Amino acid sequence: MEIRSMHFKARAGQKLADVLLQQNLKKTKSKFVDKRAHAIEKLDEVNDFEGLRAASQAVRDRVLDNLDLWLERFEEEATRRGATVLWARDAAEVCRLTVEIARRHGVTKAVKSKSMLSEEAALNQALEAAGIQPVETDLGEYILQINDNEAPSHIVAPVLHKSKEEVSALFSRTHGLPPKTDIHEMTREAREVLRPHFLSAEMGISGGNFLIAETGSVALVTNEGNGRMVTTLPKVHVVVSGIEKVVPTLEDLATLMRLLPRSATGQSISNYFSVLTGVKQPDESDGPQHMYFILVDNGRADLVGSEFAAMLRCIRCGACMNHCPVYQSIGGHAYGWVYPGPMGSVLTPLFKGIENALDLPQASTFCNQCGVVCPVRIPLPDLLRKLREKQLEARLRPLGERLALQGWSWLARHPRCYALATKLAVRYLRWLGGDDKRILVWGLAPEWTAGRDLPAPPGKTFRELYAARGKA
Ligand code: SF4
């Protein structure tokens, strides 16, 4: 998928002015935030949520400390059970390997279940270019595909930005049927359209929530039955997964599964949870004749052992974006690449270069909600801060901003000047606020007041109040 993060600010402005999108984004709270809070509350009654977070972090760190060894173990076990493990350095290799597999098995159509990595690699476009028809079967991804291959706006709920009415009109246009308003009827309609594809496709492509090293299996966490059909009906199953998704044992998987659905959708367990191991055996009724794993680096190996290694713990639950005031205000498309919200603001600069994602590390209020809810305790605000530092060091931020920060840094190291400067600044802001005590136009930083009024500082500076307290 082409990166568009360079224009984050402009897109964010458009999204803020989009009335329909703003209405649709209100679903984030009831659909995710409230449900997660309830699920965690229930969990806390029998389990220590913070203890589970620590255990989940430990599982992920244990893998990342010896990623090469766990990947080798995974390859050995998966191969022993009849699967083929292939390695892709980048997106182009993902596409090349998938097309080669398809050609080897005479595939003309591939059904897909949700995979963010296939978005990363722009796999659908590559398949189409090779004459292979990709059919998205996750309901959200299917809606995006028939809507001119629109990009997902959320990693768990790809069509969060759309209303039921918009989907109804799209279905009617695409399927040539009268528009439906009942969501169950719309789902049934999509199922009827998709069912023949499951039966005629020669290849199924899935992502992988986790890869289990001790058994060579892939774990899939879904809420629709499509994942099972994609992975068992066609004769070929291709799993496209990032190398960081490996976990050592089934017990480790169980630890992470106690937090993943709760953090993602507020469910104690997802509707479907599959652990798939190897090709179909003579005594089994379902399963593919050929199973391939394409394990993808695409920038991940560079993070191992780096100051950003914690980001590889991510289990793609989406909780950070659901709780982010920036994501809640603008949705996912403004972020310009596959991953939105705080995790995207870290991953996109790391995978695509900080020079190609200039505003993303700034797209945070540093309220730390993302850090608090992350089930594997990724310190997202710290990582964003580090990226900001890197941008400054590389002189990638505008001159005015760099000068302002240099000035601030100088003042912070000279307490008397700092005291004088803050005193003058407070007076200036109070004067700007006038009788209304609201700053409508702040001459030095108009962007701060372009979309909202800024309350004028009410009284004395912190230092003045502190000094007065000392005297009292
Ligand atoms: S960074 Fe944490 S909260 Fe965000 S998607 Fe990843 S695991 Fe979930």
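This is a short tour of the ligand site and of two helix contacts in the structure above. Please keep in mind that the model is predicted.

Begin by selecting the ligand, which sits in the largest cavity. Next, show the residues that surround the ligand, starting with Cys314, Ile315, Arg316, Cys317, Gly318 and Cys320, and then add Met343, Cys374, Pro375, Val376, Ile378 and Leu380 to complete the shell. If you colour this shell by residue class, you will find ten nonpolar residues, one polar residue and one charged residue.

Now leave the ligand and select helix H9, residues 139-146, together with helix H10, for their axes come within 10 Å and cross at roughly 60°. The crossing in which H9 passes H10 is left-handed. To see where the two helices touch, display the side chains of Leu139, Tyr142, Ile143 and Ile146 on H9, and those of Val167, Leu170, Phe171, Thr174 and His175 on H10. This contact of H9 with H10 divides into seven nonpolar residues and two polar ones, with no charged residue.

Keep H10, residues 164-175, on the screen and add helix H11, residues 183-200, whose axis comes within 11 Å of the axis of H10 and crosses that axis at roughly 35°. Here too the crossing is left-handed, with H10 passing H11. On the H10 side the contact is made by Lys164, Val167, Ser168, Phe171 and His175, while H11 contributes Ile183, Met186, Glu189, Ala190 and Val193. Sorted by class, the contact of H10 with H11 holds six nonpolar, two polar and two charged residues.

As a last step, select Val167, Phe171 and His175 of H10, which take part in the contact with H9 and also in the contact with H11.

Note on methods
Residues are numbered from 1 along each chain as its sequence is written. This is a predicted model: local features need pLDDT of at least 70, side-chain atom pairs count only at pLDDT 80 or more; totals for chains, interfaces and linings use all residues. Side-chain values use heavy atoms; hydrogens and water are left out. A residue is near a molecule or strand if one of its heavy atoms lies within 4 Å of it. On a 1 Å grid over the protein atoms alone, a cavity is a set of points where a 1.4 Å probe fits but cannot get out, and a pocket is an open set with protein on both sides within 12 Å along at least five of seven lines; lining residues have an atom within 4 Å of a point. A molecule sits in a cavity or pocket if more than half of its atoms lie within 2 Å of its grid points. Ala, Val, Leu, Ile, Met, Phe, Trp, Tyr, Cys and Pro count as nonpolar, Asp, Glu, Lys and Arg as charged, and the others, Gly among them, as polar. Axes are lines fitted to C-alpha atoms, for helices over the stretch in contact, and angles run from 0 to 180 degrees between N-to-C directions. Helices (H or I, at least four residues) and strands (E, at least two) are DSSP runs, numbered from the N terminus. A crossing is left-handed if the near helix is turned anticlockwise from the far one by less than a right angle, and right-handed if clockwise. Contact means heavy atoms within 4.5 Å.
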